[in-house]
Amino acid sequence: EHEDELEELRRLVLAPAPEIPERLRELRADRVGYLEASLDAADKAVLALVSLDTTERQLLSRAGTYAAFIDERVLWIRSTDPLWTRGVAGFAGGIQWLTSGSSWSTVLGALTGELGKKPLRYTLLILTYLLLFVASHRASKAAQRPDILAGKATAFLPTGLRFVADALGAARLPGGLWLLGTLLERGGASSLQRALGAGLIDTAAFLLPVLALRAMLAPGGLARAHFGWSQAATDRVRGALPIVITAGAPMALLTGVFTRAPSEEWSAGPGRIALVALLAVALVFLERVLRPSTGVLAASPSGPTTWLQRTRGMWYLLGIGIPFALGWLALCGYQFTAEALTDRLEQSVALVAGLVVLQGLVQRGLVVSRRRHQQAKLAGARTAATPPAATPAGDAPAEPLSAKDGPLLPQPLPEQPHLDSA
């Protein structure tokens with residue numbers, strides 16, 4: 001009985017149901033429809049990407065057109081009144097906005113709140129800074145070798161370590177200012193907070209090349225020990241850097257803060273004065289560095305004169321004339337023009353400085369390679385000219401004895417005949 005029931009059940013299970021083929025046809029049709037829809041969506045996405053690429057290219061072209069228009073027309077339109085025609089109301093309002101105690105309490109509260117939101121991230125950033133300090137210190141010690149300071153190094157690695165040490169050492173303070181400015185800008189609780197963050201970022205960008213130049217010109221740094229620059233030139237530039245750091249950094253901060261101030265009166269008042277003061281600092285620095293009689297381009301009494309030294313008067317006039325002209329433009333009301341041209345001047349100077357450092361690194365690599373090749377060639381010549389050392393007589397190995405050499409032990413002398421028998 002059970003076997004009959006099992007057989008019937010097996011027959012019912014294995015028998016094809018009439019609705020299964022129809023259901024399979026429906027599933028196949030649905031799958032084909034989905035595939036066609038996905039292909040259609042992919043084609044539409046490709047067309048949309050092509051359209052977006054075309055639009056982006058048109059936007060870039062339009063942006064270039066507007067940039068050229070600004071350079072030709074807007075840069076030479078007066079953006080504000082001359083400074084001597086303004087009253088003191090804008091100055092007083094800007095100073096009060098910057099020194100308000102309630103605004104600073106808001107800034108500190110927002111900064112503390114931002115640190116409390118992501119403590120792990122900022123703890124890792126602090127540890128990273130500590131590791132950078134240790135790495136820069138060790139790289140600096142590794143590069144202070146006697147053969148490098150004496151100009152006899154035959155490896156490029158110490159130069160690379162010195163470059164890394166100078167770069168890391170110069171990036172410590174600007175990196176901290178950039179991080180603090182980013183935190184303040186990201187909070188954005190008040191206008192002072194956003195302006196202060198932007199000012200700190202501008203100050204970091206101002207200090208980074210200045211501190212890198214000071215590290216490079218230090219005794220035992222890249223300029224003297226590796227690039228072979230003259231001590232008089234490096235001392236002249238390094239001696240003029242303190243005024244740039246102590247006076248230029250605060251002016252860069254004030255310029256960045258008041259440029260983002262919520263009132264145009266504050267930007268055209270205290271902000272313009274800070275910009276002119278910053279340009280005055282640049283003028284003093286360039287005047288000391290490019291002075292024809294004692295500057296870095298002064299003619300050497302014992303050595304050939306280069307074309308830079310022969311044209312040092314022209315470079316001196318350009319060095320003091322450009323900051324003076326930009327400051328005068330700002331005072332006369334062309335503040336936007338002065339700010340835009342100052343930014344471009346800073347970028348140009350940074351590019352030239354980077355190319356000079358790159359040229360020094362390439363020349364250093366060539367000098368080290370040639371020195372190593374000469375030493376290898378001299379060592380090969382000495383080896384070829386040295387005769388093989390003679391072996392001392394007492395140390396010569398004994399030859400093996402044979403039968404013809406006689407017995408090893410001494411034999412008694414033959415007996416001599418007596419005189420009586422003769």
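Before you click on anything, here is one term you'll need: a residue is called buried when its relative accessible area is under 20%, exposed when that value is over 50%, and partly exposed in between. Also keep in mind that what you have open is a predicted model.

**Stop 1: a pair of rings**

Select W97 and F258. Both of these residues are buried. Their rings form a tilted aromatic pair, with 6.1 Å from centre to centre and 55° between the planes. Now colour the helices they sit in. W97 belongs to helix α3 (residues 89-99) and F258 to helix α11 (residues 231-259), so this pair ties together parts that are 161 residues apart in sequence.

Keep those two on screen and add W266. Ring pairs link W97, F258 and W266 into a cluster. How many aromatic pairs does a search of the whole structure find? It finds four.

For another of these pairs, select F227 and W229. Their ring centres are 5.8 Å apart and the planes meet at 50°, so this pair is tilted. Is F227 buried or exposed? With 13% relative accessibility, F227 counts as buried. Its partner W229 has a relative accessible area of 33%, which makes W229 partly exposed.

**Stop 2: salt bridges**

Side chains of opposite charge can pair when their charged atoms come close. This structure holds six salt bridges, and we'll visit some of them.

Start with D53 and R57. Their closest N and O atoms are 3.0 Å apart. Both residues sit in helix α2 (residues 19-72), four residues apart, which puts about one helical turn between them. Why does that spacing suit a pair of side chains? An α-helix has 3.6 residues a turn, so residues three or four places apart point the same way. Switch on the surface and compare the two partners: D53 is partly exposed at 34% relative accessible area, while R57 counts as exposed at 57%.

Next, select D202 and R260. Here the closest N and O atoms of the salt bridge are 2.5 Å apart. D202 is in helix α9 (residues 191-216) and R260 is in the loop between α11 and α12 (264-268), so the bridge ties together parts 58 residues apart in sequence. D202 is partly exposed, with a relative accessible area of 28%. R260 also counts as partly exposed, at 40%.

Then try D235 and R224, whose side chains meet in a salt bridge at 2.0 Å, N to O. Which helices does this pair link? D235 lies in helix α11 and R224 in helix α10 (residues 222-226), and the two residues are 11 apart. D235 is partly exposed at 36% relative accessibility, and R224 is partly exposed too, with 21%.

**Stop 3: two helices side by side**

Hide the side chains and show α9 and α11 as ribbons. These helices pack with their axes 7 Å apart, at an angle of about 170°. Are they roughly parallel or roughly antiparallel? An angle over 145 degrees counts as roughly antiparallel, and α9 and α11 therefore fit that description. Bring back the side chains where these two helices touch, and you'll have 17 nonpolar, four polar and three charged residues in the contact.

**Stop 4: helix α13**

Now select residues 270-289, which make up helix α13. You can check its length with the distance tool on the end C-alpha atoms. At 1.5 Å a residue, its 20 residues should span 28 Å, and the ends are 29 Å apart, which agrees. Next, pick out the buried residues of α13: P270, G271, R272, A274, L275, L278, L279, V281, F285 and V289.

**Stop 5: far in sequence, a short way across**

Two last selections compare chain distance with distance in space.

First, click W76, in the loop between α2 and α3. W76 counts as partly exposed, at 48% relative accessibility. Now add Q335: the two residues are 259 apart along the chain, yet their C-alpha atoms are separated by 10.0 Å.

Finish at D166, in helix α7 (residues 157-170). Its relative accessible area is 6%, so D166 is buried. Add A212 to the selection: it is 46 residues from D166 in sequence, and the C-alpha atoms of the two are 6.4 Å apart.

How values were computed:
Residues numbered from 1 in each chain as written. Predicted model: local features only at pLDDT ≥ 70, side-chain atom pairs only at ≥ 80, totals over all residues. Heavy atoms only, no water. Expected span 1.5 Å × (residues − 1). Buried < 20%, exposed > 50% of the residue type's maximum accessible area, 1.4 Å probe, protein only. Phe/Tyr/Trp six-rings, centres within 6.5 Å; stacked < 30°, edge-to-face > 60°. Salt bridge = Lys/Arg side-chain N within 4 Å of Asp/Glu carboxyl O. Axes fitted to C-alpha atoms, helices over the stretch in contact; angles between N-to-C directions. Parallel < 35°, antiparallel > 145°, perpendicular 65-115°, else oblique. Nonpolar A, V, L, I, M, F, W, Y, C, P; charged D, E, K, R; others polar.
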